[in-house]
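This report walks through one protein model, part by part. Keep the sequence and the 3D view open while reading.

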Amino acid sequence: MRVGIVGQRGNRRAAGIVADLYERLSGMGVAVAVDEESAEDSAAWPSGRPDPAELGVPVDELADCDLVVSIGGDGTFLFAARAAGATPIMGVNLGEVGFLNAVPPEEAVAAVTAAVEQYQDRGAVETRDMPRVEASGDGWSLPPALNEVVVQGPRRGHGGGAAVEVRVDGSLYTSGHADGVLVATPTGSTAYNLSEGGPLVHPSVSTLVLTEMCGAESMPPLVVDADSTVTVRIDDADGGFVVSDGRARQELDVPAQVTLERAARPVRIAGPPLDFFAALGKIE
């Protein structure tokens with residue numbers, strides 16, 4: 001078995017957990033790969049640490065592992081999940097809310113050990129799927145988003161939006177001027193969607209959430225079936241963008257149409273289930 005570990009950049013506590021996991025997993029005969037920055041953080045490792053050149057790998061290579069462990073906040077989890085592909089991923093929460101990371105830091109070694117033992121016994125790690133949403137257009141597509149995809153004009157605020165038209169399975173939902181449109185998964189309903197006035201959706205509900213961003217004649221947010229095809233057309237602007245999970249970005253030549261659908265491959269989550277309502281209690 002091979003386990004990949006990604007630690008939050010610049011977080012000394014995350015680096016210490018990375019080192020603890022390496023020591024435990026190596027003692028179990030498990031091959032370990034660590035993201036390059038964590039591997040090179042000499043202050044986090046005890047004396048006799050492994051050679052960073054042999055331990056550290058680019059994050060994009062972690063998809064070859066049997067399990068990926070993310071240590072940090074939701075941003076670190078999204079970063080690691082994008083690289084993990086179909087590989088199961090477990091999140092250790094060092095953030096304040098942690099809707100994607102179910103494992104507290106003091107239980108990290110035990111939780112990862114349990115997953116490894118499960119793999120050694122059964123040849124697989126037990127997982128649950130979280131859907132992702134994928135955006136595509138004329139000759140391009142973005143990496144699937146676990147939280148949300150935003151289609152927007154050239155900038156937020158006065159004078160920066162665009163004329164938008166949103167259709168669901170071909171039927172018109174709304175049109176008018178807005179900063180943009182946000183399409184979120186249930187997982188992403190607690191993130192950017194919530195700050196834009198969108199609804200909370202329990203992660204067990206199979207939906208997509210459509211939230212208009214600062215519309216001139218705003219329509220209420222809409223929850224649709226997860227297998228719906230959403231199209232967003234933007235016009236009457238000097239450009240636009242599509243952004244997947246706040247990282248991957250595609251510039252648009254306006255007018256343009258963006259298609260948003262559930263991605264074929266979900267994120268596979270390992271480890272204990274998240275207590276969704278306990279996490280909600282941390283939102284201020």
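Helix 1 passes helix 5 in a right-handed crossing. Right-handed here means that the near helix is turned clockwise from the far one by less than a right angle; anticlockwise would be left-handed. The two axes come within 10 Å and cross at roughly 40°. Axes are lines fitted to C-alpha atoms, for helices over the stretch in contact, and angles run from 0 to 180 degrees between N-to-C directions. Helix 1 brings Ile17, Asp20, Leu21, Arg24 and Leu25 to the contact, and helix 5 brings Ala108, Val109, Val112, Thr113 and Val116. Contact means heavy atoms within 4.5 Å. Helices (H or I, at least four residues) and strands (E, at least two) are DSSP runs, numbered from the N terminus.

The model is predicted: local features need pLDDT of at least 70, side-chain atom pairs count only at pLDDT 80 or more, and totals for chains, interfaces and linings use all residues. Residues are numbered from 1 along each chain as its sequence is written, and side-chain values use heavy atoms, with hydrogens and water left out.

**The cores**

The largest nonpolar core has 29 residues, and Val3, Ile5, Leu25, Val69, Ile71 and Val112 touch the most other members. Such a core is a set of buried Ala, Val, Leu, Ile, Met, Phe, Trp, Tyr and Cys residues joined through side-chain atoms within 4.5 Å. Buried means under 20% relative accessible area, exposed over 50%, and partly exposed in between (1.4 Å probe, protein chains only). Two or more residues each come from strand 1 (2–7), helix 1 (12–27), strand 2 (31–35), strand 4, strand 5 and helix 5 (108–122). Helix 1 gives the most, with six residues. Apart from this core lies another, of 27 residues, including Ala145, Val151, Val168 and Val230. In soluble globular proteins, nonpolar side chains tend to be buried together.

What does Val69 touch, beyond its neighbours within four places in sequence? Its contacts are Val3, Gly4, Ile5, Val6, Leu21, Met90, Val92 and Val112.

**Helix 4 and what follows**

The buried residues of helix 4 are Thr76, Phe77, Leu78, Ala80, Ala81, Ala83 and Ala84. They pack against strand 1, strand 4 (67–72), strand 5 and strand 19 (267–270). Thr76 counts as buried because its relative accessibility is 10%. With neighbours within four places in sequence set aside, Thr76 is in contact with Val6, Gly7, Gln8, Ser70 and Ile71.

Asp74 also lies in helix 4. An unreviewed UniProt entry annotates Asp74 as "active site". UniProt positions are given in the numbering used here, feature names are shortened, and annotations may be inferred rather than shown by experiment. Is Asp74 buried, partly exposed or exposed? Asp74 is partly exposed, because its relative accessible area is 23%. Not counting residues up to four places away in sequence, Asp74 touches Gly98, Phe99, Leu100 and Asn101.

Gly85 follows helix 4 and has a positive phi, near 65°. Thr87 sits in the loop between helix 4 (74–84) and strand 5 (89–93). Thr87 counts as buried because its relative accessibility is 6%. Its side chain reaches the backbone oxygen of Ala63 at 2.8 Å. Beyond neighbours within four places in sequence, Thr87 is in contact with Leu62, Ala63, Cys65, Asp66, Leu67, Val68 and Arg268.

**Backbone exceptions and exposed loops**

Most residues other than glycine have a negative phi, and most peptide bonds are trans. Asp169 has a positive phi of about 50° although it is not a glycine. Asp236, another residue other than glycine, has a positive phi near 55°. The peptide bond from Val254 to Pro255 is cis, with omega near 5°. Pro255 lies in the loop between strand 17 (248–252) and strand 18 (256–262).

The table places three exposed loop residues.

| Residue | Loop between | Relative accessibility |
|---|---|---|
| Asp169 | strand 10 (162–168) and strand 11 (171–178) | 52%, exposed |
| Pro220 | strand 13 (207–213) and strand 14 (222–225) | 52%, exposed |
| Asp236 | strand 15 (230–235) and strand 16 (240–244) | 59%, exposed |

Pro220 and Pro199 are 21 residues apart along the chain, and their C-alpha atoms are separated by 9.7 Å.

Notes. A polar contact is a pair of N or O atoms within 3.5 Å; within protein, one must be able to donate a hydrogen and the other to accept it, and residues adjacent in sequence count only if both atoms are side-chain atoms.
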